[in-house]
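Please examine the predicted model shown below. The paragraphs that follow lead through its sheet, its aromatic residues and its helices.

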Amino acid sequence: MTVLCLVELDGAEPADASLRALSLARSLGDVNAILFADTGPQDTLARYGVTDVFLIERSTLDGYAPQAWARTLAGLATETGATAVLAAGTDRGNEVLAHLGAITGLPMAANCTLVTPDGGKTHRLVRHRWAGLLLEDAVMEAPVALFTVATDSVANVPAAPPSGGTPPGPPVPTDVQIHVHKPELTEADLRVRAVESPAGAGGASLATARVVVGGGRGVGGPDGFAPLEELADLLGGVVGVSRVVTSEGWRPHKQQVGQTGTKITPELYLACGISGAIQHIAGCAGAKHIIAINTDPGAPILAHADYAVIGDLHQVIPALVEALRSR
Ligand SMILES: Cc1cc2nc3c(=O)[nH]c(=O)nc-3n(C[C@H](O)[C@H](O)[C@H](O)COP(=O)(O)OP(=O)(O)OC[C@H]3O[C@@H](n4cnc5c(N)ncnc54)[C@H](O)[C@@H]3O)c2cc1C
């Protein structure tokens, strides 16, 4: 059985969210990766068990065009006889797969944590509902299953090397077949197309950052974020914020962590002046370690934190920055 997986890039390498999607895809059949790029990170894809890579060259389709991407996936699904098409549960992954569902008339399930073929045209799914507060068991009956993968719940696991070594091992020396594909598109498919990103948008993405420094109402206002930016820079991370911060217009919505923002899965989440409302926790529960800085020893975030500093962030963060700089 062939499954198609849309792979998004973070620089020249697959985004962490896509590697998690590939980790799940492997259990469903031979994985064919689809990249909207001129070249593919072949070694990495081989390590995740990909057998074939379809490159959609930029000369054919430059920029991000959700309907055109979906049309391309639809064509390849037919050409390869795929039994499933999946993507990471990112903004793009969910948008493209929703378009694919609309184009093909097939059902699409978002944010799955487990997918098991159940014979014939049936797949059993477990998926997140209510921002991950509820897990739903579902059965999908469709000739081609369309779904996205809940990236905060599925582990990033390379395929075991053929020698039986312990993953993550050295690159698996498999032959990945590269195909350059030219999709058949119409003008209408390209009506919505993002061809450039605003200056400054090229940094690490909130969804895939290894360190996130979070700021909430306790930061006090738009001017209070400079020390958090400095700390994030020193730690090689990015700044994330609570909804109060975006509602007040202190920071843009793309930095919001939570149920109605981005779900993050960093090694470290430093939550500064954030109370820890359930809608915020829905976005940061996938962090491996949480450190809270809060003046209130009774703040709900403390129930989720591995460590906490009870104190004023306006004193604690500059002290942290100074300590890191002196090292
Ligand atoms: C449908 C819905 C969806 C939502 N989606 C989201 C979402 O995606 N993301 C999200 O974040 N929220 C979301 N919310 C809002 C959520 O319920 C909270 O209102 C919000 O998360 C609170 O933000 P906050 O923690 O910054 O502010 P507050 O709850 O006001 O907490 C501020 C914290 O800062 C501490 N503090 C104050 N001064 C200092 C200081 N000097 N030093 C250290 N600590 C200090 C306080 O003790 C307090 O704990 C949603 C709500 C609804 C109803």
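How many bridges join strand 8 to strand 9 (residues 134-141)? There are eight, and the two strands run antiparallel. Helices (H or I, at least four residues) and strands (E, at least two) are here DSSP runs, numbered from the N terminus, and two strands pair if DSSP finds at least two bridges between them. The coordinates belong to a predicted model, in which local features need pLDDT of at least 70 and side-chain atom pairs count only at pLDDT 80 or more, while totals for chains, interfaces and linings use all residues. Residues are numbered from 1 along each chain as its sequence is written, and side-chain values use heavy atoms, with hydrogens and water left out.

Within the pairing of strand 8 and strand 9, Val126 has Asp137 of strand 9 as its bridge partner. The hairpin formed by these two strands has four residues between them, and Trp130 in that hairpin takes a positive phi near 45°. On its other pairing, strand 8 is joined to strand 7 (residues 108-117) by five bridges, again in the antiparallel sense. There, Leu125 in strand 8 stands opposite Val115. The hairpin of strand 7 and strand 8 also has four residues between the strands, with Gly119 at a positive phi near 85°. Strand 7 itself contains Asn111, a residue other than glycine whose phi is nevertheless positive, near 60°. As for burial, six of the eight residues of strand 8 (residues 122-129) are buried, so this strand is largely enclosed by the rest of the structure. Buried means under 20% relative accessible area, exposed over 50%, and partly exposed in between (1.4 Å probe, protein chains only).

These strands belong to an open sheet of nine strands with mixed pairing, in the order 9-8-7-10-6-1-4-5-11. Strand 9 and strand 11 (177-181) occupy the edges with a single partner strand each, so one side of each has no neighbour in the sheet. Neighbouring strands of this sheet are turned against each other by 35° on average, direction ignored. The axes behind such angles are lines fitted to C-alpha atoms, for helices over the stretch in contact, and angles run from 0 to 180 degrees between N-to-C directions.

Strand 10 pairs with strand 7 and with strand 6. Three bridges join strand 7 to strand 10 in parallel, and Phe147 in strand 10 is the bridge partner of Ala109. Strand 6 and strand 10 are likewise parallel, over five bridges, with Ala88 opposite Val149 in strand 10. Five of the five residues of strand 10 (residues 145-149) are buried, so the strand is largely enclosed by the rest of the structure. In a regular strand the side chains alternate between the two faces of the sheet. In strand 10, Ala145, Phe147 and Val149 point one way and Leu146 and Thr148 the other way, and all are buried. Elsewhere in the sheet, strand 4 and strand 5 (residues 50-56) run parallel and are joined by five bridges; Val31 has Val50 in strand 5 as its bridge partner.

The next feature is aromatic. The structure holds two aromatic pairs. Rings of Phe, Tyr and Trp (its six-membered ring) pair if their centres lie within 6.5 Å; planes under 30 degrees apart count as stacked, over 60 as edge-to-face and the rest as tilted. Phe36 and Trp69 are stacked, at 4.0 Å centre to centre and 0° between the planes. This pair links distant parts of the chain, 33 residues apart: Phe36 lies in the loop between strand 4 (30-35) and helix 2 (42-47), and Trp69 in helix 3 (residues 66-80). Tyr64 and Trp69 have ring centres 4.9 Å apart and planes at 90°, so that pair is edge-to-face. Ring pairs thus link Phe36, Tyr64 and Trp69 into a cluster. The relative accessible area is 11% for Phe36, 9% for Tyr64 and 7% for Trp69. The charged end of Arg92 sits over the ring of Tyr64, 4.0 Å from its centre; this term requires NZ of Lys or CZ of Arg within 6 Å of the ring centre and within 35 degrees of the ring normal.

Finally, the axes of helix 3 and helix 4 (residues 91-104) come within 8 Å and cross at roughly 60°. The two helices are therefore oblique to each other, given that angles under 35 degrees count as roughly parallel, over 145 as roughly antiparallel, 65 to 115 as roughly perpendicular and the rest as oblique.
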